[in-house]
Amino acid sequence: MSWLRRRKSSQADHEAADPGTILLRIEGMHCSSCVLLIDEELEELPGVRSARTSLRAARTVVHLDDPGAAHTGELIAAVERAGYRATPVN
């Protein structure tokens, strides 16, 4: 594994450990429009400060206003409304 991949992996692990952050695995994306659609759908939810989706990693990092601002089920439902499948990353 290259040093850059290890660095990105450890960064994602660190973000997932933050109680105000939820990490989701996304299935069904194939272009940058998919990424934008998912981010927009998530950022419309109350309590979501930002959403950052990576097409290459097939993941979304959701930053919440506070740890209890949104539940994982609400985030998954938003991704499904956009037409994709999401599962939480532990």
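This is a short tour of the structure above, one selection at a time.

**Before you start**

The model is predicted, so local features need pLDDT of at least 70, side-chain atom pairs count only at pLDDT 80 or more, and totals for chains, interfaces and linings use all residues. Residues are numbered from 1 along each chain as its sequence is written, and side-chain values use heavy atoms, with hydrogens and water left out.

**Stop 1: the whole chain**

Show the protein chain as a cartoon. You should find three helices and four strands. Helices (H or I, at least four residues) and strands (E, at least two) are DSSP runs, numbered from the N terminus. Follow the chain along its sequence and the pattern reads α-β-α-β-β-α-β.

Now colour by accessibility. Buried means under 20% relative accessible area, exposed means over 50%, and partly exposed is in between (1.4 Å probe, protein chains only). Of the 90 residues, 38% count as buried.

Contacts come next, a contact being heavy atoms within 4.5 Å. Among contacts between residues at least 6 apart in sequence, 61% join residues at least 24 apart.

**Stop 2: strand 1**

Select residues 21–27, which form strand 1. Is this strand mostly covered or mostly uncovered? It is mostly covered, with five of its seven residues buried.

Two strands pair if DSSP finds at least two bridges between them. Add residues 59–64, and you have strand 3, which runs antiparallel to strand 1 and is joined to it by five bridges. Look for R25, which stands opposite R59 of strand 3. Then add residues 85–88: this is strand 4, and it pairs with strand 1 in the antiparallel sense over four bridges. Here E27 stands opposite R85.

**Stop 3: the salt bridges**

Keep E27 and R85 on screen and show their side chains. A salt bridge is a side-chain nitrogen of Lys or Arg within 4 Å of a carboxyl oxygen of Asp or Glu. How many are there in the whole structure? The search finds two.

One of them joins R85 and E27, whose closest N and O atoms are 3.3 Å apart. R85 lies in strand 4 and E27 in strand 1, so this pair ties together parts that are 58 residues apart in sequence. Both ends are partly exposed: R85 has 47% relative accessibility, and E27 has 38%.

Next, select R81 and E41, whose side chains meet in a salt bridge at 3.2 Å, N to O. This pair links distant parts of the chain, 40 residues apart, with R81 in helix 3 (residues 72–81) and E41 in helix 2 (residues 32–43). R81 counts as exposed at 53%, while E41 counts as buried at 19%.

**Stop 4: helix 2**

Stay with helix 2 and select all of it. Its twelve residues reach 17 Å from the first C-alpha to the last, close to the 16 Å expected at 1.5 Å a residue. That expected span is 1.5 Å times one less than the number of residues.

Colour C34, V35, I38, D39, E41 and L42, the buried residues of this helix. Looking down the axis, you will see them fall within an arc of 165 degrees, so they line one face of the helix. The arc is that of the directions from the helix axis to the C-beta atoms. An α-helix has 3.6 residues a turn, so residues three or four places apart point the same way.

On the other side of helix 2, S32 and L36 are exposed. What do the buried residues of helix 2 pack against? Their partners are strand 1, strand 2 (48–54), strand 3 and helix 3.

**Stop 5: two cysteines**

Select C31 and C34. A disulfide is a pair of cysteine sulfur atoms within 2.5 Å, and a search of the whole structure finds zero. Why is there no bond from C31 to its closest cysteine sulfur? That sulfur, in C34, is 3.6 Å away, which is too far for a bond. C31 is partly exposed, with a relative accessible area of 27%, whereas C34 is buried at 3%.

**Stop 6: L64**

Finish in strand 3, where L64 is found. L64 counts as buried, at 2% relative accessibility. Leaving aside neighbours within four places in sequence, L64 is in contact with G20, I22, G47, V48, R49, A69 and A70. For a last look, select P19 too: P19 and L64 are 45 residues apart along the chain, and their C-alpha atoms are separated by 8.8 Å.
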